[in-house]
Amino acid sequence: MFLWFYLSTGALLKAAFVCSNIIHLDSGFSLAHQLTTRYGGGFELHTWSNLPHGSGLGTSSILAGVVLAVIWKTSGENYTMSSLMHAVIYVLFFVKIAY
């Protein structure tokens with residue numbers, strides 16, 4: 001269904017924006033329209049890691065948690081640690097990183 005997420009660069013970041021309800025894939029409006037209407041513009045997010053992909057050190061989980069917390073904080077959304085943990089699982093499932 002969302003195979004392009006799995007195959008694209010920054011898949012985890014893109015999934016975090018979708019899973020946090022910042023953007024809606026089923027919206028009839030463009031990405032630019034959704035972001036401008038709700039937030040007055042877009043988001044810019046930079047991430048990096050020196051760990052190799054698939055290292056088993058939990059980098060994807062940690063990154064998903066941090067990204068979701070930043071997105072929610074920046075957009076003015078409230079969250080609990082419990083909701084953050086559940087959202088991390090959702091993001092990882094969304095991009096098929098969680099096995």
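Which residues do ring pairs link into a cluster? In this predicted model, the cluster joined by ring pairs consists of Phe-17, Tyr-39 and Phe-43. The count of aromatic pairs comes to four, and two of these pairs are described here in detail.

Within the cluster, the rings of Phe-17 and Phe-43 have centres 5.4 Å apart and planes at 65°, and because planes over 60 degrees apart count as edge-to-face, the pair is given that label. Phe-17 belongs to helix H2 (residues 11-19), whereas Phe-43 sits in the loop between helix H3 (31-39) and helix H4 (59-75), so this pair ties together parts that are 26 residues apart in sequence. Phe-17 counts as buried, with a relative accessibility of 14%, while Phe-43, at 27%, counts as partly exposed.

A further pair is formed by Tyr-90 and Phe-94, whose ring centres lie 6.1 Å apart with the planes at 65°, so that this pair, too, is edge-to-face. Here both residues lie in helix H5 (residues 81-94), where they are four residues apart, about one turn of the helix. Tyr-90 is partly exposed, but Phe-94 is buried.

The accessibility of the four residues in these two pairs is set out below.

| Residue | Relative accessible area | Class |
|---|---|---|
| Phe-17 | 14% | buried |
| Phe-43 | 27% | partly exposed |
| Tyr-90 | 44% | partly exposed |
| Phe-94 | 14% | buried |

Why does Phe-94 count as buried? Its relative accessible area is 14%, and buried means under 20%, so Phe-94 falls in that class.

Note on methods:
Residues numbered from 1 in each chain as written. Predicted model: local features only at pLDDT ≥ 70, side-chain atom pairs only at ≥ 80, totals over all residues. Heavy atoms only, no water. Phe/Tyr/Trp six-rings, centres within 6.5 Å; stacked < 30°, edge-to-face > 60°. Helix = DSSP H or I, 4+ residues; strand = E, 2+ residues; numbered from the N terminus. Buried < 20%, exposed > 50% of the residue type's maximum accessible area, 1.4 Å probe, protein only.
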